[in-house]
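Student: I'm new to this one. Could you take me through the aromatic rings and the nonpolar core, slowly?

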Amino acid sequence: MALILSGTNGISSNGSNWILSPNDAGRFNLPTQPSFYAYFPTAASTTTQGFIFPFNTTRVNVGNHYNTSTYSFTAPIAGIYEFHAALLFRYASVNGQIECSFFRNGSNVGVRGQLYVTNNVSNAHTHCPMHLIIELSAGDSINTRLTSRVGGDIYYGENLSYFTGKLIG
C-alpha cells in the first residue's frame with residue numbers, strides 16, 4: 001500500500017481518508033484510530049455472576065468496532081489496546097464484595113478479577129475503576145463481566161458505569 005504525504009492534509013492511503021492529519025495548532029490527529037466509549041443510559045443493576053454489562057449506547061465509536069448488541073469490542077487489527085471500565089458497587093449490608101473482569105473471546109483475562117472491592121460500611125456506594133493494556137489479534141473481542149458478588153449489587157445505569165477502549169499501538 002502506498003501512502004500519500006501532503007504538507008497540509010497529512011498522510012493518507014488514497015488522498016482522501018486521512019490516517020494522520022494536522023489540526024489548527026499543528027498537532028497531529030488520528031481520525032480513524034479505533035476507539036469507543038459505551039454506557040447504559042437508564043437505571044439498571046445486577047447481582048448475577050457472569051453477567052456481561054450491557055453497555056448499549058456509545059458516545060464515541062470510531063470505526064464501529066464496539067457492538068451495542070453484543071456489548072463487546074472487536075479488534076479490527078492486531079495490536080496493543082487499552083481498556084477502562086468503571087462500575088458503581090452499591091452496598092446493602094456489611095462485608096459486601098465484588099469482582100469484575102475483562103473477558104477476551106469469552107475467557108477471563110486474569111486468574112481472578114481485574115477489580116476486587118470489599119466494603120464494610122452499610123449502604124455505601126463505591127466507584128470501582130479497572131484498567132487493562134493487552135495485545136490483541138485481529139478479531140479478538142473484549143467485554144466486561146461481573147465475576148463474583150457477596151452482598152450489594154452493581155449499578156451500571158444512568159452513565160454511572162462505562163466501558164472504553166482504544167488502539168494504542
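Tutor: Here is a walk through the rings, then the core, then two loop residues.

A word on the ground rules: this is a predicted model, where local features need pLDDT of at least 70, side-chain atom pairs count only at pLDDT 80 or more, and totals for chains, interfaces and linings use all residues. Residues are numbered from 1 along each chain as its sequence is written, and side-chain values use heavy atoms, with hydrogens and water left out.

Searching the whole structure turns up 18 aromatic pairs. Rings of Phe, Tyr and Trp (its six-membered ring) pair if their centres lie within 6.5 Å; planes under 30 degrees apart are stacked, over 60 edge-to-face, and the rest tilted. One of the pairs is F51 with F53, an edge-to-face one at 5.6 Å centre to centre and 85° between the planes. F53 also pairs with Y156: the centres are 5.9 Å apart and the planes at 70°, so this pair is edge-to-face too. F53 sits in the loop between β6 (45-46) and β7 (57-62), and Y156 in the loop between β16 (153-155) and β17 (162-167), so the pair ties together parts 103 residues apart in sequence. (Strands are DSSP runs of E, at least two residues, numbered from the N terminus.) Both F53 and Y156 are buried, meaning under 20% relative accessible area, with exposed over 50% and partly exposed in between (1.4 Å probe, protein chains only). For F53 the value is 0%.

Elsewhere, F36, Y66, F73, Y81, F83, F102 and F163 make up one aromatic cluster.

Now the core. In soluble globular proteins, nonpolar side chains tend to be buried together. A nonpolar core here is a set of buried Ala, Val, Leu, Ile, Met, Phe, Trp, Tyr and Cys residues joined through side-chain atoms within 4.5 Å. The largest one has 28 residues, and F53, F55, F83, C100, F102, I154 and F163 have the most contacts inside it. Elements giving two or more residues to this core include β5 (35-39), β10 (79-90) and β17. Take F83: beyond its neighbours within four places in sequence, its contacts (heavy atoms within 4.5 Å) include F36, F102, M130, I142 and F163.

Last, two loop residues. N64, in the loop between β7 and β8 (66-67), has a positive phi of about 55° although it is not a glycine. N64 is exposed, at 62% relative accessible area. N159, in the loop between β16 and β17, has a positive phi near 60° and is partly exposed at 25%.

Methods. Helices (H or I, at least four residues) and strands (E, at least two) are DSSP runs, numbered from the N terminus.
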